[in-house]
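Okay, thanks for coming, everyone. I'll take a few minutes to walk through some side-chain contacts and then a metal site. Let me put the structure up.

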Amino acid sequence: MPESHFVAPSDRSAEQVSGAKVVAQALKAQDVRYVFGVVGIPVTEIALAAQELGIRYIGMRNEQAASYAASAVGYLTGRPGVCLVVSGPGLIHALAGMANANMNCWPLIVIGGSSERNQETMGAFQEFPQAVRISIYGRPGACYVDIPADFVTVQVNVNSIKYKECCMPPPVTMAEASAVCLAASVIRSAKQPLLVIGKGAAYAHAEENIRKLVEQCKLPFLPTPMGKGVVPDNHANCVSAARSRALQFADVIVLFGARLNWILHFGLPPRYQPDVKFIQIDICAEELGNNVKPAVTLLGDINAVAKQLLEQFDKIPWQYPPESKWWKRLREKMKSNEAASKELASKISLPMNYYTVFYHVQEQLPKDCFLVSEGANTMDIGRTMLQNYLPRHRLDAGTFGTMGVGLGFAIAAALVAKDRSPGQRVICVEGDSAFGFSGMEMETICRYNLPIIVLVVNNNGVYQGFDADTWKEIVKFQDPVTVAPPMCLLPNSHYEQVMTAFGGKGYFVQTPEELQKSLKQTLEDTTKPSLINIMIEPQSTRKAQGLAATSLPLISEETLDLDFQQC
Ligand SMILES: Cc1ncc(C[n+]2csc(CCOP(=O)(O)OP(=O)(O)O)c2C)c(N)n1
Ligand SMILES: [Mg+2]
C-alpha cells in the first residue's frame, strides 16, 4: 500500500489516480490473484479496478460464502485470497469466514469499506502490507483491512505513491538439531508407532518427505480429515480403516501439523494410552504442549522438519518390522471394518443408505478430483468411503465444523483447477441441510460456468439418523403431525431444480442405477455445472445398517470415528 497518498499541493498537474485503483494495484503488487465479494458502496470501484488489472473478481451471493471461498484459495495457493465486502452487514457476514479461516489456520484478507476517514482509520489503513505478512507467516489466519469510503474515490498524484514490494513467502524454520535427534531415537524405540498427518502438513507441501519417511521406515500412518491425500489413502501403510485402534494402542505418535484438539480427541485417555509418547511437529509454538506434555516438541515448518527427521534415518537406517504384532493387529481391524462397510454398501433395498451411495460415487470418482464435503453423516461416512490421492484436494467443514463452507470452497477449488490444470473436476458432497446454508451460490457457479458436480445426499433433514431408543430418555419428541421436529426439513425437496433454474444440469435419483447413470453423464460433460439430488432412507444410520449404537450430538467428535464402536 502507498506510503503517502495525498496530492502534494505543488504538484497538481501530475497524473491522478483513484484510491480504488491504488488499492487494486497494491493487491496486485502482493500477488493477490483472486478477490471474492459482494459489491456495494464504497467497494464496487475496487472490484472494477481489480478486474482492470487482471485480478479475478468473483461476485458471490453472500459475503459468508465469499469469505469461505477466499480462505480456501489461501489454503490451496499459499497466497491470501481477498474477500471484499461493504461495511456493517457485509463485514458481519464475512466474520464467519474469518473465524473459520483462523480455526483452520488458512490465510485470508478481508477488505471492508468503512464510512468515514479519520486519523485512526488512516493508521489502520497504513498497516495493509502487514496484513499480507500476518496472513501467511507463522500460523496462517485471517486479517481485516478497513478502507474509508472517501479513500476509494479520492484522486491522488501517481508519483506520490510508493507500493510495497510483494511480501515474500514465509521463511522456512527448522527444529532444533538435538530435538530432532531425540525424536528419531523415540521413534526407533517405539513398539507400536503411528504417524498422524494433519492439514498443516498439506499446507506446508510436506508430501514428498512424509511419504519417504513412511516408506523408508515402514511406519503406519493416519491422516486427519484434511490431511487425507498427503500420502494417498490407498497406500499400503494407511490405517484409516482402523483409526480408533491405531490411536488407542499406539505407544509413540508423531503429529505432523495435526493439533490435539477435538478431532484427535485431545490426545487423552480413554482414546489413547495414558503413557503414549507424542512427538509434536508444529509451526506454532503456542500449540506445543496443548492438552498433553509431549515427549519431544519440534517447532518449525512441517516439511523442513520432516526432512530433518528423514536425514536422521538416512544416517542410521532403521525400519519398523513389517511382521510386527502391531501391524498384524491393525491389518486385522482394517479388514473387518472394510468388510462391514462393504456389506452395507451392497444392500440393495430402497431407499439407498449412505454406504451404497458412497460406494457408487467412489467407483466413478476421478483420482485427481478436488473433493469438497460438509454435513454430519454425509461428511463423516463419506470421508471413510471416498478416497483422496492428492494433497490439498480435500476441503471440508474443518476444525470449526462449519456448515455452509462447501459451495464457497468448491468455487475456489474450481477456479484454482481452471488456472492450474484445466479439466480437473470438483466434486462437492453436501448433506441436504449443509447445502441450504449457501444454496444460492448455484447461481454463482452457473454464472461463471464452473463445471462443479454437487451431490446432495438427501435424507430430508439435519442428521436424521440418530438412534431414537438411545435418545428417548433425553429428548421428548412431540407428535410430528402437529409439531415439526427440529431436525426435519421439507421431505423430497427437489434441490436439483435450484441448479436447473440457472441453466445447469439437475438430476433426481432414487436408485443405484440412476445414480451410476447420472454420475457418468455429469463426469462426461465437462462444460456445465450439475447437481445430483440423491434420495436416501431418512433414518439411514450406522445402527440401522447393523453397526453398533451411538448416541451422537450433531457432528460430534465420535462421528469422526466410525470404527471406534467396534474396537
Ligand atoms: C454454521 C453451523 N450451523 C449449524 C451447525 C450444526 N450442524 C451440524 S451438522 C448439521 C447439518 C447436518 O445435516 P446434513 O447436512 O443434512 O447432513 P446429514 O447428517 O443429514 O447427512 C448442522 C446444522 C453447524 N455445524 N454449523
Ligand atoms: Mg441430511
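**Side-chain contacts and a metal site**

Let me start with Lys520, which makes a salt bridge to Glu524, with the closest N and O atoms 3.1 Å apart. Before I go on, a reminder that this is a predicted model. So, where do these two sit? Both are in helix α21, residues 512-524, and because they are four residues apart there, about one helical turn separates them. As for the surface, Lys520 is partly exposed, at 47% relative accessibility, while Glu524 comes out as exposed at 56%.

Now, salt bridges with shared partners also tie Arg61, Glu443 and Arg447 into one network. Take one of those contacts: Glu443 to Arg61, where the closest N and O atoms are 3.0 Å apart. This pair links distant parts of the chain, 382 residues apart. Glu443 is in helix α18, residues 441-447, and Arg61 is in the loop between β3 (56-59) and α3 (63-77). Buried or exposed, for Glu443? It's buried, with a relative accessible area of 16%; the cut-off for buried is under 20%. Arg61, at 41%, counts as partly exposed.

Next one: Asp380 and Arg383, whose side chains meet in a salt bridge at 3.3 Å, N to O. These two are three residues apart in helix α15, residues 377-385, so again we're talking about one helical turn. Here Asp380 is buried, at 1% relative accessibility, and Arg383 is buried too, at 8%. How many salt bridges does the structure hold? The count is 15.

Okay, rings. There are eight aromatic pairs by the rule used here. One of them is Tyr75 with Trp106: that pair is stacked, 4.4 Å centre to centre, with 15 degrees between the planes. In sequence they're 31 residues apart, with Tyr75 in helix α3 and Trp106 in the loop between α4 (89-104) and β5 (108-114). Tyr75 is buried at 1% relative accessibility, and Trp106 is buried at 0%.

Compare the geometry of Phe435 and Tyr495: the ring centres are 5.4 Å apart and the planes are at 70 degrees, so that pair is edge-to-face. Phe435 is in helix α17 and Tyr495 is in the loop between α19 and α20 (496-500), so the contact ties together parts of the chain 60 residues apart in sequence. Both Phe435 and Tyr495 are buried.

Back to Tyr75 and Trp106 for a second, since ring pairs link them with Tyr68, Tyr203 and Phe409 into a cluster.

We also have charges over rings. Arg329 lies over the face of Phe249, 4.5 Å from the ring centre. Then there's Arg331, whose charged end sits over the ring of Trp327, 4.2 Å from its centre.

Last stop, the metal. Which protein atoms are donors of the magnesium ion, ligand 2? They are OD of Asp432, OD1 of Asn459 and the O of Gly461, lying 2.0 to 2.1 Å from the ion. Along the chain, the donors follow the spacing D-x26-N-x1-G. Asp432 is in helix α17, residues 432-437, and Gly461 is in the loop between β16 (452-458) and α19 (468-471), which puts this pair 29 residues apart. Asp432 and Gly461 are both buried. And remember that Phe435, from the edge-to-face pair, is in helix α17 as well.

That's my tour. Happy to take questions.

Definitions and conventions:
Residues are numbered from 1 along each chain as its sequence is written. Chains are lettered from A and ligands numbered from 1 in the order in which they are written. This is a predicted model: local features need pLDDT of at least 70, side-chain atom pairs count only at pLDDT 80 or more; totals for chains, interfaces and linings use all residues. Side-chain values use heavy atoms; hydrogens and water are left out. A salt bridge is a side-chain nitrogen of Lys or Arg within 4 Å of a carboxyl oxygen of Asp or Glu. Buried means under 20% relative accessible area, exposed over 50%, partly exposed in between (1.4 Å probe, protein chains only). Donors are N, O and S atoms within 2.8 Å of the metal (3.2 Å for Na, K and Ca); water is not among the atoms, so sites may look incomplete. Rings of Phe, Tyr and Trp (its six-membered ring) pair if their centres lie within 6.5 Å; planes under 30 degrees apart count as stacked, over 60 as edge-to-face and the rest as tilted. A charge sits over a ring if NZ of Lys or CZ of Arg is within 6 Å of the ring centre and within 35 degrees of the ring normal.
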